[in-house]
Amino acid sequence: MESRHSIHHVLLLVLCGLSAVCQCSATGVEANQTAVLFVNASEALARKIPDTLFGIFFEEINHAGAGGLWAELVSNRGFEAGGPNVPSNIDPWSIIGDESSVMVSTDRSSCFDRNKIAVRVQVLCDHTGANICPDGGVGIYNPGYWGMNIEQGKSYKLVLYVRSQEPINVSVALTGSNGSQKLATANIVAADVSSWTKMEIMLEATGTDPNSRLELRSSKKGVIWFDQVSLMPTDTYKGHGFRKDLFGMLKDLKPAFIRFPGGCFVEGDWLRNAFRWKETIGQWEERPGHFGDVWDYWTDDGLGHFEFLQLAEDLDALPVWVFNNGVSHHDQVDTSSILPFVQEILDGLEFARGDPTSTWGSIRAKMGHPEPFDLRYVAIGNEDCGKTKYRGNYLKFYSAIKDKYPDIKIISNCDGSSRALDHPADLYDFHIYSSASSVFSNARHFDSAPRSGPKAFVSEYAVTGNDAGKGSLLAALAEAGFLIGIEKNSEAIEMASYAPLFVNDNDRRWNPDAIVFTSSQMYGTPSYWMQHFFKESNGATLLNSSLQANPSNSLIASAITWRNSVDNNDYLRIKVVNFGTTTVTLKLSISGLGQNLLETSFGAIKTTLTSTNVMDENSFREPNKVSPVKAMLEKVSDSMDVVLAPRSLNSFDLLRKSKSSTVDTASVLKSSY
């Protein structure tokens with residue numbers, strides 16, 4: 001892949017004769033290091049990077065969806081999280097009042113067949129008589145997922161189902177965390193709710209509190225049942241239910257694909273708790289929800305199969321559906337009994353891709369999406385290659401899917417980077433979680449991977465452990481080096497995605513993560529910002545490049561050409577990771593430009609990700625402590641020196657000349673990261 005020219009060797013000899021420059025190492029010395037990067041921009045030596053190379057992976061972990069990207073504010077809205085038996089735990093719902101004024105219990109009286117639990121509120125006090133209710137009444141409240149973010153001037157749609165044998169007068173309120181400040185109020189007054197009745201109320205917030213709660217109160221003696229209580233902000237992305245700020249952070253990455261819904265979430269510790277797509281479609285009130293036993297929390301599956309497909313479409317990304325293949329962490333279905341599981345997946349594919357008149361396609365159409373979704377990739381299981389039933393089950397799924405959908409690309413859980421697979425596949429899965437030095441050194445892992453046959457899908461990569469903390473610069477730099485290796489080996493790799501994507505700061509099941517959030521705040525870790533350096537690589541052109549340094553184990557670089565959609569100009573982007581502890585003077589030597597020379601009059605853009613301490617992290621207090629910083633390079637030529645700070649990720653965007661090259665410097669500085 002790399003070219004060699006005699007002038008390169010001359011320059012290298014000159015550089016290596018400079019004092020002790022070439023004695024630097026990744027562990028660091030006092031002297032600065034000097035290196036040369038030769039880039040050949042000739043199209044004859046270049047090759048196209050897959051349009052799909054860099055994307056994202058969403059797993060329901062760390063309350064990423066329930067209480068995160070999915071904007072539902074009520075936690076345990078159907079009172080089902082305690083299980084199907086009664087009495088049941090209704091956590092995090094709590095009681096307003098004491099034992100003398102109210103009694104709250106659960107029973108199986110719901111009108112929804114797949115989630116029978118409802119909450120029964122018996123008001124013992126009254127507005128007159130000996131046992132007068134306290135001011136405001138008694139009842140129940142829900143704090144959401146560690147507080148509901150209620151903002152002044154915004155609207156929230158409350159939907160609930162109610163039943164009582166008597167007329168009711170229920171006060172609804174969005175209040176501050178202690179219940180004293182009223183942010184929005186309404187009353188439900190009804191003479192006849194003897195049968196389950198759906199109520200819809202629009203609440204307009206007059207104040208702001210990120211730790212708000214929803215209250216349902218009454219001062220009238222009697223018994224009231226509530227079920228399926230939902231509170232959604234009205235300003236979700238396109239009304240599709242996604243929290244706008246978190247969605248925006250995903251959109252800014254320009255992902256080519258989104259893998260979902262897991263991860264271990266797909267498998268379950270036990271099959272009874274695996275994600276089953278049919279339980280997550282249709283009206284939200286009728287979804288039973290399930291306990292995600294791997295990450296140990298309940299989800300009502302408001303973010304279900306349909307919503308994941310919609311999310312991919314909204315992101316302009318290809319959906320990659322990971323489904324259960326009859327294997328969990330602790331139990332497996334024998335291949336002789338796997339056909340019902342296979343049929344379930346064929347039905348799921350029909351739901352996504354079928355004609356709106358088909359059995360499952362018609363259900364999708366009723367949900368508001370008559371056109372098929374663009375589902376081209378499926379993964380049979382997650383991390384199941386070593387399980388005894390995997391290969392037998394895999395072959396059953398593979399044959400059935402290829403028979404009905406021959407164009408769908410199928411992903412095996414087995415690693416084919418070092419040896420050939422013993423079963424058919426279009427792609428093979430590769431996961432890496434390790435120390436910073438290990439991830440950085442794995443940049444060369446795919447140098448000898450097969451160039452024919454199944455391509456690699458690096459669906460989960462991240463630095464973990466002490467090097468990572470809660471999201472360190474060191475982790476991001478190692479991952480950037482790894483991605484440069486993926487970019488340079490992209491004829492053997494079709495896709496790559498970081499994991500995990502989200503973490504609610506109140507429920508850290510895994511560290512680190514790309515995006516950290518609470519009910520009202522968010523920030524990207526250095527690993528999130530690192531991915532911005534690669535978002536222009538999808539479909540770009542990889543140039544032939546050769547890095548010469550002694551030693552070279554602390555530097556890695558690549559070069560691409562890409563078109564900026566803001567100014568419609570072509571740029572040559574050079575990315576370099578300096579993983580060492582010393583400053584590096586890098587000489588860029590660019591040849592093969594032909595008639596499309598570099599534009600020297602507008603300068604170039606240098607973007608750097610670094611910090612004063614390699615273990616620095618971002619936080620809610622300092623959300624951009626470690627984030628890309630841009631600067632203009634005034635002197636641009638095909639032979640120029642640039643300085644790489646210790647422990648840094650750098651990119652250089654050089655404008656290529658054309659007949660119509662014009663550039664708005666401010667727009668370009670703003671657009672790429």
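Arg-243 and Asp-245 pair through their side chains in a salt bridge, with N to O at 2.8 Å. The model is predicted, and this distance is computed from it. The two partners sit differently with respect to solvent. Arg-243 is buried, at 13% relative accessible area. Asp-245 is partly exposed, at 26%. The cut-off for buried is under 20%, so Arg-243 at 13% falls below it. Asp-245 at 26% does not, and therefore counts as partly exposed.

Why do such contacts form at all? Side chains of opposite charge can pair when their charged atoms come close. The structure holds 37 salt bridges. One of them joins Arg-114 to Glu-279, with a N to O distance of 3.5 Å. Where do these two residues lie? Arg-114 is in the loop between strand E5 (102–107) and strand E6 (118–123). Glu-279 is in the loop between helix H3 (264–267) and strand E16 (290–292). The partners are 165 residues apart in sequence, so the pair ties together separate parts of the chain. Neither end is classed as buried. Arg-114 is partly exposed at 37%, and Glu-279 is partly exposed at 33%.

Another salt bridge links Glu-151 and Lys-154. Their closest N and O atoms are 3.1 Å apart. Glu-151 has a relative accessible area of 29%, which makes this residue partly exposed. Lys-154 has 28% and is partly exposed as well. Salt bridges also join into a network, made up of Lys-157, Lys-198, Glu-200 and Glu-285.

Next come the covalent links. A disulfide is a covalent bond between the sulfur atoms of two cysteines. How many does the structure hold? There are 2 disulfides. Counting bonded cysteines along the chain, the pattern is 1-2, 3-4.

Cys-125 and Cys-133 form one disulfide, with sulfur atoms 2.0 Å apart. The angle about the S-S bond is 95°, and the link is right-handed. Is Cys-125 buried or exposed? Cys-125 is buried, with a relative accessible area of 0%. Cys-133 is also buried, at 9%. Both values are under the 20% cut-off, so both ends of this link count as buried.

Cys-385 and Cys-414 form a disulfide too, their sulfur atoms 2.1 Å apart. Here the angle about the S-S bond is 100°, and the link is right-handed. This pair links distant parts of the chain, 29 residues apart. Cys-385 lies in the loop between strand E19 (377–380) and helix H7 (390–404). Cys-414 lies in the loop between strand E20 (409–412) and strand E21 (427–434). Cys-414 is buried, with a relative accessible area of 2%.

What of Cys-264? This residue is in no disulfide. The nearest cysteine sulfur belongs to Cys-385 and is 15 Å away. A disulfide needs sulfur atoms within 2.5 Å, so that distance rules Cys-264 out. Cys-264 counts as buried, at 14% relative accessibility. Cys-111 has a relative accessible area of 37% and is partly exposed.

Burial also marks helix H9, residues 473–488. How many of its residues are buried? The count is 16 of 16. The helix reaches 23 Å from its first C-alpha to its last. That is close to the 22 Å expected at 1.5 Å a residue. An α-helix has 3.6 residues a turn, so residues three or four places apart point the same way.

Last, the empty space inside. Rolling a probe the size of a water molecule over the atoms shows where empty space is left. The structure has 9 cavities of 30 Å³ or more. The largest cavity holds about 100 Å³ of space. Which residues come closest to its centre? They are Phe-54, Gly-55, Leu-253, Gln-531 and Phe-534, out of 15 lining residues. Strand E3 (54–57) and strand E23 (493–498) each give two or more residues to this lining. By residue class, the lining of the largest cavity divides into 9 nonpolar, 4 polar and 2 charged. Phe-54, Leu-253 and Phe-534 belong to the nonpolar class, because Phe and Leu count as nonpolar. Gly-55 counts as polar under that scheme.

Notes:
Residues are numbered from 1 along each chain as its sequence is written. This is a predicted model: local features need pLDDT of at least 70, side-chain atom pairs count only at pLDDT 80 or more; totals for chains, interfaces and linings use all residues. Side-chain values use heavy atoms; hydrogens and water are left out. On a 1 Å grid over the protein atoms alone, a cavity is a set of points where a 1.4 Å probe fits but cannot get out, and a pocket is an open set with protein on both sides within 12 Å along at least five of seven lines; lining residues have an atom within 4 Å of a point. Grid points are joined across faces, edges and corners, and a volume is the space filled by probe spheres set on the points. Helices (H or I, at least four residues) and strands (E, at least two) are DSSP runs, numbered from the N terminus. Buried means under 20% relative accessible area, exposed over 50%, partly exposed in between (1.4 Å probe, protein chains only). The expected span of a helix is 1.5 Å times one less than its number of residues. A salt bridge is a side-chain nitrogen of Lys or Arg within 4 Å of a carboxyl oxygen of Asp or Glu.
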